[in-house]
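Here is a walk through one chain, from a helix and the sheet beneath to a disulfide and a few unusual backbone spots. Have the coordinates open as you read.

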Amino acid sequence: MHLFPVAFLLMVFCSIANAENPEDAAPSLADFCQNYPRPAYAELERLPDPPGGWFELYAVTDGVTAIYEPHQWQEVISYLIEGEDSALLFDTGNGIGDIRAVVDSLTSKPVTVLNSHSHFDHVGGNYAFDNIIGVNTDFTRARQKGQPNSAISLEVSSAALCRPAPNGVTEESHVGRPYTISRFIEDGAQIDIGGRVLEVVLIPGHTPDAIALLDRDAGLMWTGDSFYAGPIWLYAPETDLQAYRQSLEKLIELSKEVTWLLPAHNTPRVSAGVLPDVLSAYDRMIAGDALPSSQGDGMVEYRVEGEDRFSFLMRDEPLPYDG
């Protein structure tokens, strides 16, 4: 997602984000490493381990495989969505493991990549694919250049990992490799992969290019980082709080047609019924009905009383009380 000093990341990821219930949060990375995957994964079929030992695979529903990175504090989840003719890879993870080898082990169909947004932990494996589509925003275009080691070395530091990184990746060598988007698409674009049509919905806020991916027939909606079970990060320079609220309203309307949300972190399947509660909690936070808890380094977490499924991670600065 973003970058922070080690102490702050440990506090957030190990004490809050990596607990199924924030009230039961673990105080250390070691505790997290002993307790993944989260209990929600027990509800899914675990598939045979793919090559490399970095990823775990779970069958979410017919034709949808969650490609989970459990050994690193981001707990990123990418998704392979298969149709009769081709497949769509929704996000490519951190770029630490060889996600191309995993995808090749799962399907022989032609694969197109689409990213939920362009933060480094979701585009890390893009470089390994030739066919990448992206939403037509300046932010999307700019992020094709990749990330230098100085920006993301923490992601493979000893503080971030439950096991050594594969493929010779080290804290000194890890970079976000550049990639090239083959084709740009607009809000509302439909992607037909054969017997399965996926609709792209622009939901700016977390980033200007954040999208949801909707499979109306299957009752599924991928939400990227706009919603996941855990502290929702809303503090990057490119985050727009007003746009985020508007996008929550859009997601709630869309969720009336789906059963499951498929987020990009932590757990791969969450009931769609949670979204009205997210909006309500967000509005209560903006209205001042939530006390900030310091997380260090100028960051605070807002948790609304009675809500333990998610929270909001913000900068320690006045909130826009106009909603």
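Let's begin at the end of a helix. Just after H8, Gly-288 takes a positive phi of about 95°. Keep in mind throughout that this is a predicted model.

**Helix H8**

H8 itself covers residues 275-286. Does its length fit a regular helix, or what span should we expect? At 1.5 Å a residue, its twelve residues should span 16 Å, and the end C-alpha atoms sit 17 Å apart, which agrees.

Which residues of H8 are buried? They are Leu-275, Val-278, Leu-279, Ala-281, Tyr-282, Met-285 and Ile-286. Looking down the axis of H8, you'll find these buried residues within an arc of 165°, so they line one face of the helix.

As for what covers the buried residues of H8, the list includes strands S12 (220-224), S13 (230-233) and S14 (260-263). Helix H7 (241-255) is also part of that cover, along with strands S17 (299-302) and S18 (310-315). H8 lies across S13, S17 and S18, and runs at about 40° to S18.

**The sheet**

Now to the strands that H8 crosses. S13, S18, S17 and S16 make up, in that order, an open sheet of four strands with mixed pairing. S13 and S16 (292-296) stand at the edges with a single partner strand each, so one side of each is left without a neighbour in the sheet. On average, neighbouring strands of this sheet are turned by 35° against each other, direction ignored.

S17 is a good strand to follow residue by residue. With S18 it pairs in the antiparallel sense over four bridges, and S16 and S17 likewise pair in the antiparallel sense over four bridges. On the S18 side, Glu-301 stands opposite Leu-313, while Val-300 stands opposite Met-314. On the S16 side, Pro-292 stands opposite Tyr-302 of S17.

Are the faces of S17 covered or open? Both are covered: Met-299 and Glu-301 are buried on one side, and Val-300 and Tyr-302 are buried on the other.

S16 and S17 form a hairpin with two residues between the strands, and there Asp-297 takes a positive phi near 55°.

**Helix H7**

H7 can be put through the length check too. Its 15 residues should span 21 Å at 1.5 Å a residue, and the end C-alpha atoms are 21 Å apart, which agrees. The buried residues of H7 include the leucines Leu-241, Leu-248, Leu-251 and Leu-254. Also on the buried list of H7 are Ala-243, Tyr-244, Arg-245, Ser-247, Ile-252 and Ser-255.

What covers the buried residues of H7? Among the elements doing so are strands S10 (197-202) and S11 (211-215), together with S12, S13, H8 and S18.

**The disulfide**

How many disulfides does a search of the whole structure find? One. Cys-33 and Cys-162 form it, with their sulfur atoms 1.9 Å apart. The link of Cys-33 and Cys-162 is left-handed, with -85° about the S-S bond. The pair ties together distant parts of the chain, 129 residues apart: Cys-33 sits in helix H2 (residues 29-35), and Cys-162 in the loop between helix H6 (149-152) and strand S8 (183-185).

Are the two cysteines buried or exposed? Cys-33 falls in between, being partly exposed with a relative accessible area of 22%. Cys-162 is partly exposed as well, at 23%.

**Backbone oddities in loops**

A cis peptide bond joins Tyr-36 and Pro-37, with omega at about -5°. Pro-37 has its place in the loop between H2 and strand S1 (45-46).

Two asparagines also deserve a look, since each has a positive phi without being a glycine.

| Residue | Phi | Loop | Relative accessible area |
|---|---|---|---|
| Asn-167 | about 60° | between H6 and S8 | 58%, exposed |
| Asn-266 | near 75° | between S14 and S15 (270-271) | 3%, buried |

The two have opposite settings: Asn-167 is exposed, whereas Asn-266 is buried. The loop that holds Asn-167, between H6 and S8, is where Cys-162 of the disulfide lies.

Key
Residues numbered from 1 in each chain as written. Predicted model: local features only at pLDDT ≥ 70, side-chain atom pairs only at ≥ 80, totals over all residues. Heavy atoms only, no water. Expected span 1.5 Å × (residues − 1). Buried < 20%, exposed > 50% of the residue type's maximum accessible area, 1.4 Å probe, protein only. Arc of directions from axis to C-beta. Contact = heavy atoms within 4.5 Å. Pairing = 2+ DSSP bridges. Axes fitted to C-alpha atoms, helices over the stretch in contact; angles between N-to-C directions. Disulfide = S-S within 2.5 Å.
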